[in-house]
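Welcome, and thanks for opening this model with us. Below is a friendly walk through its confidence, its core, its aromatic rings and its charged pairs.

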Amino acid sequence: MKAFRQQLYDSTIYRESRNYFRDWVLKEPELMKEVANIAFDLENKFHFKACWIIELLALYKVELLAPYLDKFCYSASKYQDDSAVRVMAKTIFLVVNENYSKEPKFTLTKNQIKQLTECCMDWLISDQKVATKAYSAETLFVLGKYQPWIYPELKQILSDGYNQHSAAYKATTRKILGKIN
């Protein structure tokens with residue numbers, strides 16, 4: 001465990017490095033506890049590196065997050081580092097999609113859904129980078145299928161911000177508004 005932690009701290013942002021840790025955890029799932037402990041400890045100056053691994057694990061084997069969903073949902077809105085916020089926004093999208101899949105590997109509680117909904121709404125209306133806003137909007141679109149109050153709010157927020165953002169934000173807005181309508 002100590003070797004894993006130190007190697008993670010010394011790792012780089014390069015995809016090859018992140019894939020290395022993803023594969024290590026996939027081979028030794030007990031390391032997921034270590035990754036989660038680092039990722040959800042916002043006092044740890046390397047927490048964002050563990051968040052990178054959580055994102056990749058969510059892409060490949062999202063059920064590894066199941067034992068940590070309470071911490072994940074609670075922590076999501078507390079991240080400040082742009083690198084962590086973007087990957088957490090994507091991971092929330094993957095977790096919410098899994099929750100509503102035909103055969104989910106886990107089920108979010110009402111409170112967890114509420115926490116993730118609030119987090120995505122906050123990211124969408126705050127000063128975040130486009131990728132974070134895009135993943136938040138996509139997540140809210142999925143959640144809106146099950147919570148009718150979301151679509152009117154989402155439409156308003158996206159429409160209000162349309163002229164203030166980049167071409168990428170505008171493309172996401174058009175796509176989501178098209179799906180809602």
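The confidence score used here is pLDDT, the predictor's own confidence in each residue, on a scale from 0 to 100. Helices, for their part, are DSSP runs of H or I with at least four residues, strands are runs of E with at least two, and both are numbered from the N terminus. Among the elements of the protein, helix α1 (residues 2-9) has the lowest mean pLDDT, 86, and helix α7 (residues 110-125) has the highest, 97. For the protein, the mean pLDDT is 93, with 99% of its residues at 70 or more.

This is a predicted model, in which local features need pLDDT of at least 70 and side-chain atom pairs count only at pLDDT 80 or more, while totals for chains, interfaces and linings use all residues. Residues are numbered from 1 along each chain as its sequence is written, and side-chain values use heavy atoms, with hydrogens and water left out.

**The nonpolar core**

Let us begin inside. In soluble globular proteins, nonpolar side chains tend to be buried together. A residue is called buried under 20% relative accessible area, exposed over 50%, and partly exposed in between (1.4 Å probe, protein chains only). A nonpolar core is then a set of buried Ala, Val, Leu, Ile, Met, Phe, Trp, Tyr and Cys residues joined through side-chain atoms within 4.5 Å.

The largest such core here has 62 residues. Those with the most contacts inside it are Val25, Phe40, Phe72, Ile92, Val95, Leu116 and Leu154. Helix α6 (residues 82-99) gives the most to this core, contributing nine residues.

What does Val95 touch, leaving aside its neighbours within four places in sequence? Taking contact to mean heavy atoms within 4.5 Å, the partners of Val95 are Val62, Leu65, Leu69, Phe72, Phe106, Leu108 and Leu116.

Gln147 is also worth a look, in the loop between α8 (130-144) and α9 (150-161). Gln147 counts as buried because its relative accessibility is 16%. With neighbours within four places in sequence set aside, Gln147 is in contact with Ile113 and Thr117.

**Aromatic rings**

Rings of Phe, Tyr and Trp (its six-membered ring) pair if their centres lie within 6.5 Å; planes under 30 degrees apart count as stacked, over 60 as edge-to-face and the rest as tilted. A search of the whole structure finds 11 aromatic pairs. One of them joins Tyr20 and Phe21 edge-to-face, at 5.1 Å centre to centre and with 85° between the planes. Tyr20 is partly exposed, at 43% relative accessibility, whereas Phe21 is buried, at 3%. Both rings belong to one aromatic cluster with Phe4 and Trp24.

Charges meet rings as well: a charge sits over a ring if NZ of Lys or CZ of Arg is within 6 Å of the ring centre and within 35 degrees of the ring normal. Arg22 lies over the face of Tyr60, 4.1 Å from the ring centre. Likewise, the charged end of Lys179 sits over the ring of Phe141, at 4.8 Å from its centre.

**Salt bridges**

Side chains of opposite charge can pair when their charged atoms come close. A salt bridge here is a side-chain nitrogen of Lys or Arg within 4 Å of a carboxyl oxygen of Asp or Glu. A search of the whole structure finds eight, and the table shows some of them.

| Salt bridge | Closest N to O distance |
|---|---|
| Glu34 and Arg5 | 2.4 Å |
| Lys90 and Glu55 | 3.4 Å |
| Lys114 and Glu118 | 3.2 Å |

The pair of Glu34 and Arg5 links distant parts of the chain, with Glu34 in helix α3 (residues 32-39) and Arg5 in helix α1, 29 residues apart. Glu34 is buried at 11% relative accessibility, and Arg5 is partly exposed at 27%.

Lys90 lies in helix α6 and Glu55 in helix α4 (residues 47-61), so this salt bridge ties together parts that are 35 residues apart in sequence. Lys90 is buried at 17% relative accessibility, and Glu55 is buried at 3%.

Lys114 and Glu118 both lie in helix α7, four residues apart, about one turn of the helix. Lys114 is partly exposed at 47%, and Glu118 is partly exposed at 40%. Elsewhere, salt bridges that share partners join Glu55, Arg86 and Lys90 into one network.
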